[in-house]
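Please look at the helix packing and the cysteines in the structure shown here. The report takes these two topics in turn.

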Amino acid sequence: MDLTSYAEWAVHLVNDPDPPPHLRELRDALAEVFAAASEAEVAALLNALLARYPVRPRLSDHDGQRWHLHLAEDSAASAVMGLAAMVAELGADRLGRCQDPRCSRAFLDTSSNRSRRYCSARCASRANVAAYRARRRGGQ
């Protein structure tokens, strides 16, 4: 089972400025995971969330699909499990915040060389243009 989509949902929730009221506390807790200073802190925070939002897998055949596994009926538990699985598989250093000073959105770095620094191509382009303009001003 690929848990990437669940982890991406966790990122989406962290970046949501106005989530549904029942998910605000989870959003804030997940934001703490992205702000954690060490891998041990990330693990401790995720372990606490896993205990709070337990996964209860179930088989489903909704929408005419073949039987497949859902982690939980609770989207919070799925988000926490997906993020924990990504950290376990790829490492906590794959959790990032956009390096554009005007942004700071969360992202998952799934690049092969662990080089992602921006949440989107838009932020990367904006930062590169700003750096280019700064170099041009400095060279004149």
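The text below describes one pair of helices and then the cysteines.

This is a predicted model, in which local features need pLDDT of at least 70 and side-chain atom pairs count only at pLDDT 80 or more, while totals for chains, interfaces and linings use all residues. Residues are numbered from 1 along each chain as its sequence is written, and side-chain values use heavy atoms, with hydrogens and water left out.

Helix α3 (residues 39-52) packs with helix α4 (residues 75-90) at an angle of about 150°, their axes lying 10 Å apart. The angle therefore makes α3 roughly antiparallel to α4 (angles over 145 degrees count as such). In the contact (heavy atoms within 4.5 Å), V42, L46, L49 and L50 of α3 meet V80, M81, L83, A84 and V87 of α4. The residues of this contact comprise nine nonpolar, no polar and no charged.

Turning to the cysteines, a search of the whole structure finds zero disulfides, a disulfide being a pair of cysteine sulfur atoms within 2.5 Å. C98 is in no disulfide, and the nearest cysteine sulfur is that of C123. For C119 the closest cysteine sulfur, in C103, is too far for a bond. Both C98 and C119 count as buried (under 20% relative accessible area, with a 1.4 Å probe and protein chains only).

| Cysteine | Nearest cysteine sulfur | Relative accessible area |
|---|---|---|
| C98 | C123, 3.8 Å | 6% |
| C119 | C103, 3.6 Å | 15% |

Terms used: Axes are lines fitted to C-alpha atoms, for helices over the stretch in contact, and angles run from 0 to 180 degrees between N-to-C directions. Helices (H or I, at least four residues) and strands (E, at least two) are DSSP runs, numbered from the N terminus. Angles under 35 degrees count as roughly parallel, over 145 as roughly antiparallel, 65 to 115 as roughly perpendicular and the rest as oblique. Ala, Val, Leu, Ile, Met, Phe, Trp, Tyr, Cys and Pro count as nonpolar, Asp, Glu, Lys and Arg as charged, and the others, Gly among them, as polar. Buried means under 20% relative accessible area, exposed over 50%, partly exposed in between (1.4 Å probe, protein chains only).
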